[in-house]
Amino acid sequence: MKQYKFNTDELYKTINEVYPTKASMFYSELNYKDFTKENLDKIVSVIKEIINNPIIEDIPNSVDSKEVITCFSDKTNRIMNEIFNNTDLLFYGHGGNAEAIIADEFKCRYPNLQSHFVSLSSNNESLKKLKEWPHMACKQIAIMAINKHEFNPLYKKREATSTYDTNIYSIENEFFVGYYDSENDEFIKNPNFKERHDFNPDVTIYPDEMVKTNGLFVDGPDEIVNIYKELDYLRRILYFSSYFELDEIGYKKLEQQVLYRINEIYILQEKITPEFIKQQDEKSMNGITNDIKVDEWGFPLIEPNTNNKKM
């Protein structure tokens, strides 16, 4: 099969050249005067060159024979072998509320696969965990499957309605194959499961934690920091997608994501008006800089990045 990858070295280099930073004690400072539409056009030109000219490699199709699953009842074994023989899918289990997840969606406090899911392999040793789940001996285990040939956002985020409203992240039920009921030794399929997924701009957060830019220490007016972070976020998406075995369909869907994000960045660029530049000039002349909040030890407080609602 053909695998699609992207070389993001030129994009990283161009971002640093177009938006050079000046080191300060805790942050790298951005110059608001660099954030012109012409400079953004230069970077977008590089992004489009990368996405339009992927690195295409031939990789061998998987020929590994899967272990026959025999640790359940005959009926459940047949279903498990059917599901776990699919070499295109990566499987994860979550104990508790499985029936509700299949009927609606998975909800959680923060988007972290390792915190909420256990990776499952297509063999008896791994799948025996479903019968005696390690977390609170849950009797219903929801099985999520991610296609290794596409790189999509997984989590949707909504605004909290109160301080007690904490489960603000969710995964749509179309990612769940179904659930295993250990009390009845039965697997219940999810009729809404999809092996491939369309681009959904409301689903914004990727499963790989490294894609996030929350740890990017840059300082400047919010308007330009948002542009800088969104561009770095897009670069990371292209970079980490290469760890997946993107096929042609996955590549086309990733292209949709990239073009959508480029459009969103241009909307942010519209805020850099002559009036905005004038205000920044006046602040600079008056010696006003952005306030950097620090903790009791003098280190900067890194507030949650709430600007990536269109990921």
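The following conversation looks at burial, salt bridges and a cavity in a predicted model.

Trainee: What should I know about the model and its numbering before we begin?

Mentor: Residues are numbered from 1 along each chain as its sequence is written, and side-chain values use heavy atoms, with hydrogens and water left out. Since this is a predicted model, local features need pLDDT of at least 70 and side-chain atom pairs count only at pLDDT 80 or more, while totals for chains, interfaces and linings use all residues.

Trainee: Why is C108 called buried?

Mentor: Buried means under 20% relative accessible area, exposed means over 50%, and partly exposed lies in between, with a 1.4 Å probe and protein chains only. C108 has a relative accessible area of 3%, so it is called buried. C138, at 12% relative accessibility, therefore counts as buried too.

Trainee: How many disulfides does the whole structure hold?

Mentor: A disulfide is a pair of cysteine sulfur atoms within 2.5 Å, and a search of the whole structure finds zero of them.

Trainee: What makes the contact between D104 and K107 a salt bridge?

Mentor: The term asks for a side-chain nitrogen of Lys or Arg within 4 Å of a carboxyl oxygen of Asp or Glu. For D104 and K107 the N to O distance is 3.7 Å, so the pair meets that definition. D104, with a relative accessible area of 44%, is partly exposed, and K107 is partly exposed at 45%. The search of the whole structure finds 17 salt bridges.

Trainee: How do you know that R196 forms a salt bridge with E150, and where in the chain do the two residues lie?

Mentor: The closest N and O atoms of R196 and E150 are 3.2 Å apart. The pair links distant parts of the chain, 46 residues apart, with R196 in the loop between β12 (186–189) and β13 (203–205) and E150 in the loop between β8 (140–147) and β9 (155–157); here strands are DSSP runs of E with at least two residues, helices are runs of H or I with at least four, and both are numbered from the N terminus. R196 has a relative accessible area of 24%, so it is partly exposed, whereas E150, at 3%, is buried. E150, R196 and D247 are linked in a network of salt bridges.

Trainee: Which helices does the salt bridge between E230 and R261 link?

Mentor: E230 and R261 have their closest N and O atoms 2.6 Å apart. This pair links helix α7 (residues 222–241), which holds E230, with helix α8 (residues 248–269), which holds R261, across 31 residues. Both E230 and R261 are buried.

Trainee: Why is Q280 called buried, and what is it in contact with?

Mentor: Q280 lies in helix α9 (residues 274–285), and its relative accessibility is 8%, so it counts as buried. Contact means heavy atoms within 4.5 Å; leaving aside neighbours within four places in sequence, Q280 is in contact with Y32 and P221.

Trainee: What makes an empty space a cavity, and how many of 30 Å³ or more does the search find?

Mentor: On a 1 Å grid over the protein atoms alone, a cavity is a set of points where a 1.4 Å probe fits but cannot get out, and lining residues have an atom within 4 Å of a point. The search finds one cavity of 30 Å³ or more. About 90 Å³ of space lies in the largest cavity, a volume being the space filled by probe spheres set on grid points joined across faces, edges and corners. Among its lining residues are E150, F151, H197 and F244.

Methods: On a 1 Å grid over the protein atoms alone, a cavity is a set of points where a 1.4 Å probe fits but cannot get out, and a pocket is an open set with protein on both sides within 12 Å along at least five of seven lines; lining residues have an atom within 4 Å of a point.
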